[in-house]
Amino acid sequence: MGMLIFSNLLKLDLIFFFLLSSGMGAELYLLGFQVTKSVYCFYCLAFGAVVFLLFFLNFEKSRKIFIALSLVIGFILFLVFFKGSVTPVYAEEILLPSYGKGQVKVRLYTDYFCGPCRALEPKLEPIISRLVKKNVINITFIDTPIHTQTTLYAKYFLYILNKKNQLDYALRARALLFEAAKNNIMEKGKLEEFLRARGIGFRPFNEKPTFAVYMSFLKEDKINMTPSCVFYSGVKKDKFTGASDILKAFENLKK
């Protein structure tokens, strides 16, 4: 907005129309992002309304080709470089098990009491570690409460990360939780004893805000079975279900 005011005051019409038109393209992308994610920021919408109003008030038919090109440039720039999240960043107690700085956003949905999930994760571990270290993906592990006891396990996975939040440690903790589920450990005390005996510490905290984010992801990705996985790459979204399809999807990323 400062650049718009500056260029307008100095009568730099070409710069003014480029900034305003590219800003219009950016706002179209941001509006689409909010619609597809079903999460709305009223400040963003108000700011976008101002940009739309300025655009239509200053539109000149004689510059329509230049304006159209500038609009497309703004849209493409945001398509390539914009990174958005539907996670409320102001919520201090949210601890998401997310790792990596890659462009491809991955959400992996599993249940500790799901046999195919238990068989899949050991095969995925080395691939995930490699893709994270190479900055190919940003992965979020989302424990999906298909089984009644999964909530207890999901809670303790977060407690473990609250003690030490690193990818290698998280993968080891998940492997042990799958082992505990296989051994039908259903009680809180016995699960704690199982973890301590294997050198895994944990620190309880209020996990409810994190579970609320989990629920928003489950709803957004329409998850109704495990294992499931969703890949986000720019505006492209790919969903995979079943151990074999998920493994193939990760293998393709590795290639």
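Which ring has R198 over its face, and at what distance from the ring centre? In this predicted model, the ring is that of F194, and R198 lies 3.7 Å from its centre. A second such contact involves R107 and F217. Here R107 lies over the ring face, at 3.9 Å from the centre.

Aromatic rings also pair with one another. The count comes to 15 aromatic pairs. One of them joins F231 and F240. This pair is edge-to-face. The ring centres are 5.4 Å apart, and the planes meet at 65°. The pair counts as edge-to-face because the angle is over 60 degrees. The two partners can also be described by their accessibility. F231 is buried, with a relative accessible area of 7%. F240 is partly exposed, at 24%. Elsewhere, ring pairs link Y112, F113, Y153 and F178 into a cluster.

The strands form an open sheet. Five strands take part, in the order β1-β3-β2-β4-β5. The pairing is mixed. β1 (98–99) and β5 (236–241) stand at the edges. Each has a single partner strand, so one side of each is left without a neighbour in the sheet.

Strand β3 covers residues 137–143. With β2, β3 pairs in the parallel sense over seven bridges. With β1, β3 pairs in the antiparallel sense over two bridges. Residue I139 of β3 appears in both pairings. V106 stands opposite I139, and Y99 also stands opposite I139. Strand β2 spans residues 104–110 and is mostly covered. Six of its seven residues are buried.

The surface carries a nonpolar patch. Its members are F18, L28, V72, I73, F75, I76, L77, V80 and F81. Together they have about 770 Å² of accessible area. Two helices, α2 (13–37) and α4 (64–81), each supply at least two residues of the patch. Helix α4 gives the most, with seven residues. One of the patch members, I76, is found in helix α4. I76 is partly exposed, with a relative accessible area of 43%. This value is over 30%, so I76 passes the accessibility cut-off for a patch residue.

Methods: Residues are numbered from 1 along each chain as its sequence is written. This is a predicted model: local features need pLDDT of at least 70, side-chain atom pairs count only at pLDDT 80 or more; totals for chains, interfaces and linings use all residues. Side-chain values use heavy atoms; hydrogens and water are left out. Rings of Phe, Tyr and Trp (its six-membered ring) pair if their centres lie within 6.5 Å; planes under 30 degrees apart count as stacked, over 60 as edge-to-face and the rest as tilted. Buried means under 20% relative accessible area, exposed over 50%, partly exposed in between (1.4 Å probe, protein chains only). A charge sits over a ring if NZ of Lys or CZ of Arg is within 6 Å of the ring centre and within 35 degrees of the ring normal. Patches are made of residues with over 30% relative accessible area and no salt bridge: like charges are joined within 9 Å, nonpolar side chains (Val, Leu, Ile, Met, Phe, Trp, Tyr) within 5 Å. Accessible areas come from the Shrake-Rupley method with a 1.4 Å probe; for residues, only the protein chains shown count as cover. A salt bridge is a side-chain nitrogen of Lys or Arg within 4 Å of a carboxyl oxygen of Asp or Glu. Helices (H or I, at least four residues) and strands (E, at least two) are DSSP runs, numbered from the N terminus. Two strands pair if DSSP finds at least two bridges between them.
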